[in-house]
Amino acid sequence: MSIPQERRVVTAIPGPKSQELLARKQAAVPPGIGTTLPVFVTRAGGGVLQDADGNSLIDFGSGIAVTSVGNAAPKVVERVQRQVADFTHTCFMVTPYESYVRVCEKLNELTPGDHDKRTVLVSSGAEAVENAVKIARHATGRPAVVVFDHGYHGRTLLTMTLTAKNMPYKEGFGPFAPEVYRVPLAYPFRWPSGPDSCAEEAAEQAIDMITKQVGPGNVAAVVIEPIAGEGGFIVPARGFLPRIAEFCKANGILFVADEVQTGFARTGTLFACEDEGIVPDIITTAKGIAGGLPLAGVTGRAEIMDKVHAGGLGGTYGGNPLACEATLGVLETIEEEDLVARARRIGDIMLPRLRALQERFDVIGDVRGRGAMIAIELVEPGTKEPNPAAVQGIVRRCHAEGLLVLTAGTYGNVLRFLPPLVIPEHLLEEGLGILEKAIAEL
């Protein structure tokens, strides 16, 4: 990499230049735009972020699973540079261009299932999910949408409604969209009767609620993250997703997999729903799709996607040519560097280390995840009571030592780890060492 792959802390974090920029941010940007770690980045690549004060931080966040192929990945940079010199925008709905079509062809090819597919490109994950619901309602003629506890789907009015967590995503922003219904998620760590019965009981409860409270014939779509992201990296108990998918198929309900955070090699398969052989009717993608440029996709069965009338889908910036070229660079990088296998390798390194920490520190209630999408849930020792204070203490210590970590969870008590798939192993190990020290110092 052109950026040295090393952690270097030369000032307090944040340093004086970042603090000066933070003051400017506070004067110009509303406080509703929060900041996890107020260091102002000047360069990034591989597994590090460089800030305005010359510090180099280990990156365990990837811009919330966006820069999976690394920041400024060479194939992404090359393609975007060539495209920006040709043209930056025409609007695909006005005068189209080949790169949009190529991205759609690739998504049709790579997403689960060998059926005929169509793809529409938009600009954000929330926009993708919202369009998936629009398409499902149009195709089925049904109004209702079913989502799950702990789910996160975006910040637009509809996707905010689909999202489970109130603070900070929904507080004060109602009233919300109608015809959205929430059912239980198979959350093994917190299932009342234990993880062994979680899949069966959660599926039975969810199906019973849909049947009795909504009516299957009224449901256009079930929308679910194969691994709940913001909700705490909850991996549903094995067997739960197939049972829900079977129920959907039997009742003419479209199964929508929200793979915005889990897609593009992050979980050790190209898409997380492949782990249990789920073939969704519609799949939404974003985040890691374009290496940091704004692009998202909705890919679905051709007979579903083709039902929407001409002009019913689209958006001014959807499938911007720069973002399309970036996406093609991302897909080339994933394939050529075998980042699916690299994600599995990251999991093979992280999970044993974290489980060893769980044996030593009873503040760690659960270790979970797949591939390079890993989390620990913090509890009051000896209980399952959420411990958000412990999370904040660990975060402060990690950030001060030059390790960027992110939080998550309905109860604010989860540390989530999303390292770039190209992170060097020595940085991964060093970051885990910093985390271990932070936990030991609680």
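# Exercises on a predicted model

Strand E4, residues 117-122, is mostly covered, as five of its six residues are buried. The model you are looking at is predicted. Let's explore it together, starting from this strand.

**Exercise 1. Find the strand that pairs with E4, and say how many bridges join the two.**

Step 1. Begin at E4, which spans residues 117-122.
Step 2. Look for its partner: strand E10, residues 296-301, is joined to E4 by six bridges.
Step 3. Check the direction: E4 and E10 run antiparallel.
Step 4. Pick one pair to confirm this on screen. Val122 has Ala296 in E10 as its bridge partner.

**Exercise 2. Work out the strand order of the open sheet that contains E1, and name its edge strands.**

Step 1. Follow the four strands of this open sheet: the order is E1-E2-E3-E13.
Step 2. Look at how they run; the pairing in this sheet is mixed.
Step 3. Find the edges: strand E1 (41-45) and strand E13 (403-404) each pair on one side only.
Step 4. Zoom in on E1 and strand E2 (residues 48-51), which pair in the antiparallel sense over four bridges. Here Gly45 stands opposite Val48 in E2.

**Exercise 3. Locate the cis peptide bonds before Pro14 and Pro168.**

Step 1. Start with Ile13 and Pro14, which are joined by a cis peptide bond with omega of about 0 degrees.
Step 2. Place Pro14 in the fold: this residue belongs to the segment before helix H1 (16-28).
Step 3. Move on to the bond from Met167 to Pro168, which is also cis, with omega near 10 degrees.
Step 4. Place Pro168 as well: the loop between helix H6 (157-162) and strand E6 (180-183) holds this proline.

**Exercise 4. Glu179 and Asp338 have positive phi values without being glycines. Decide whether each is buried, partly exposed or exposed.**

Step 1. Read the angles: phi is about 60 degrees for Glu179 and near 50 degrees for Asp338.
Step 2. Find the loops. Glu179 sits between H6 and E6, while Asp338 sits between helix H10 (321-336) and helix H11 (339-360).
Step 3. Recall the cut-offs: buried means under 20% relative accessible area, exposed means over 50%, and partly exposed lies in between.
Step 4. Apply them. Glu179 has a relative accessible area of 33%, so this residue is partly exposed. Asp338, at 43%, therefore counts as partly exposed.

**Exercise 5. Decide whether the radius of gyration of the chain agrees with that of a compact globule.**

Step 1. Take the expected value: for 442 residues, a compact globule would have a radius of gyration near 22 Å.
Step 2. Set the model beside it: the chain has 21 Å, which agrees.
Step 3. Add the outer dimensions. Along the principal axes, the C-alpha atoms fill a box of roughly 60 × 60 × 45 Å.
Step 4. Look inside and outside: 57% of the 442 residues count as buried, and the accessible surface comes to about 17900 Å², with 52% of that belonging to carbon and sulfur atoms.

**Exercise 6. Describe the whole chain by its elements, contacts and charges.**

Step 1. Count the elements: there are 13 helices and 15 strands.
Step 2. Consider contacts between residues at least 6 apart in sequence; 73% of these join residues at least 24 apart.
Step 3. Finish with the charges: the chain has 42 positive and 52 negative side chains, and the centres of the two sets lie 3 Å apart.

Conventions: Residues are numbered from 1 along each chain as its sequence is written. This is a predicted model: local features need pLDDT of at least 70, side-chain atom pairs count only at pLDDT 80 or more; totals for chains, interfaces and linings use all residues. Side-chain values use heavy atoms; hydrogens and water are left out. The radius of gyration is taken over C-alpha atoms; the globule rule is 2.2 Å times the number of residues to the power 0.38. Buried means under 20% relative accessible area, exposed over 50%, partly exposed in between (1.4 Å probe, protein chains only). Contact means heavy atoms within 4.5 Å. Accessible areas come from the Shrake-Rupley method with a 1.4 Å probe; for residues, only the protein chains shown count as cover. Lys and Arg count as positive and Asp and Glu as negative; His and the chain ends are not counted. The place of a charge is taken as NZ of Lys, CZ of Arg, CG of Asp or CD of Glu. Two strands pair if DSSP finds at least two bridges between them.
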